[in-house]
Amino acid sequence: MTTAVAAPFRFFALQVVRTRRLGPSLVRVTLAGEDLRYFLSDGRDQSLSLFLPHPGQEKPAVPCELGDGWWQAWRELPDGVRAVMRSYTLRALRRDPDEIDIDFVLHTPAGPASRWAARASSGDRVVLLGPALADNRAIRFRPPNDTELTLIWGDETAVPAVSAILESLPPGTRARVWLEVHDAGDIQDLPTEADAEITWLVGDASGTEGSPMALDALRGTQLPDAQRTYAWIAGESAMVKQLRRHLVGERGIDRRRVTFVGYWRRGMSEEQLRTNVT
């Protein structure tokens with residue numbers, strides 16, 4: 001199933017080969033399938049659309065055979081039939097054998113994707129909408145060539161993206177990184193050849209809206225001298241906007257050198273977000 005949709009993206013029929021618990025709130029699901037030989041990506045914060053089956057379904061219901069017409073046909077399927085679609089970041093791509101890793105955050109109360117990931121086992125079938133071209137528009141981390149300092153902030157939903165970004169940074173790249181999680185057990189060792197100072201922030205597990213922890217952490221940090229700074233911020237939409245305002249308004253960073261991505265919005269499901277956007 002390598003049906004092209006909006007180039008350079010394609011559908012990939014995959015199945016679970018193994019899972020691994022990374023911490024109290026994180027689980028890594030490894031997927032494989034013959035289609036992955038067509039899957040190409042430069043990594044970093046590569047975004048993917050993952051389609052999951054409902055309980056009792058053998059595979060997710062996605063009208064892949066319709067090519068560009070799949071979206072409207074998918075939306076018209078009954079709620080209990082239409083595959084659950086969620087956006088995730090590619091954590092890793094390997095060859096020989098072809099495999100990808102996707103890291104899931106486990107929530108309480110659990111949504112459909114969190115429930116699926118917590119119970120995923122070998123042989124479970126999924127469909128992925130992903131890249132067939134390595135350098136594609138679903139990669140947002142793009143520091144200008146003249147960048148002297150890279151700033152990165154993400155909450156727990158952005159940990160996979162930040163992990164992949166750090167692995168991609170050239171040796172000696174100056175980077176300052178803040179990662180926010182709700183459980184100290186979710187802190188990981190993140191390999192990188194960059195000159196990266198990584199600060200983990202352990203927040204309130206209740207996820208209190210408007211927590212100033214991330215903003216206070218950035219405000220309280222004296223950054224290295226740099227004329228040309230690039231920033232990448234991803235996570236809860238409201239917090240991302242606050243941090244962007246701080247970097248641009250208080251730190252004086254050129255807004256054109258700040259990439260900001262709202263992975264989720266407090267109090268809203270992904271279905272509600274997509275409805276608002278479309």
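## A salt bridge between two loops

D146 counts as partly exposed, at 35% relative accessibility. In this predicted model, the side chain of D146 meets that of R257 in a salt bridge, with 3.0 Å from N to O. D146 belongs to the loop between β6 (125-131) and β7 (149-155), whereas R257 sits in the loop between α5 (237-250) and β11 (258-264), so the pair ties together parts that are 111 residues apart in sequence. The two partners fall into separate exposure classes: R257 is buried, with a relative accessible area of 13%, while D146, as noted, is partly exposed.

## Other charged pairs

The structure holds 15 salt bridges, and the pair just described is joined here by several others. In general, side chains of opposite charge can pair when their charged atoms come close. D254 forms a salt bridge with R256, and the closest N and O atoms of this pair are 2.8 Å apart. On the side of the acid, D254 is partly exposed, with a relative accessible area of 29%; on the side of the base, R256 counts as exposed, at 72% relative accessibility.

A further salt bridge links D98 with R95, where the closest N and O atoms lie 3.4 Å apart. D98 counts as partly exposed at 22% relative accessibility, a value that can be set against the cut-off of 20% under which a residue is called buried. R95 is likewise partly exposed, at 35% relative accessibility. Beyond these pairs, R18, R94, E99 and D101 are linked in a network of salt bridges.

## The nonpolar cores

In soluble globular proteins, nonpolar side chains tend to be buried together. The largest nonpolar core of this model has 24 residues, and those that touch the most other members are L31, L50, I100, I102, F104, W116 and L128. Two or more residues of this core come from each of the strands β1 (9-23), β2 (26-32), β3 (47-52), β4 (84-94), β5 (99-105) and β6, and from the helix α2 (112-119).

F104 offers a view of the surroundings of one such residue: with its neighbours within four places in sequence left aside, F104 is in contact with S25, L26, V27, V29, L50, Y88, A113, W116 and A117. Among these contacts, L50 and W116 are themselves listed with F104 as core residues that touch the most other members. A second, separate core consists of 20 residues, including L166, L169, L179 and L190.

Technical notes:
Residues are numbered from 1 along each chain as its sequence is written. This is a predicted model: local features need pLDDT of at least 70, side-chain atom pairs count only at pLDDT 80 or more; totals for chains, interfaces and linings use all residues. Side-chain values use heavy atoms; hydrogens and water are left out. A salt bridge is a side-chain nitrogen of Lys or Arg within 4 Å of a carboxyl oxygen of Asp or Glu. Buried means under 20% relative accessible area, exposed over 50%, partly exposed in between (1.4 Å probe, protein chains only). Helices (H or I, at least four residues) and strands (E, at least two) are DSSP runs, numbered from the N terminus. A nonpolar core is a set of buried Ala, Val, Leu, Ile, Met, Phe, Trp, Tyr and Cys residues joined through side-chain atoms within 4.5 Å. Contact means heavy atoms within 4.5 Å.
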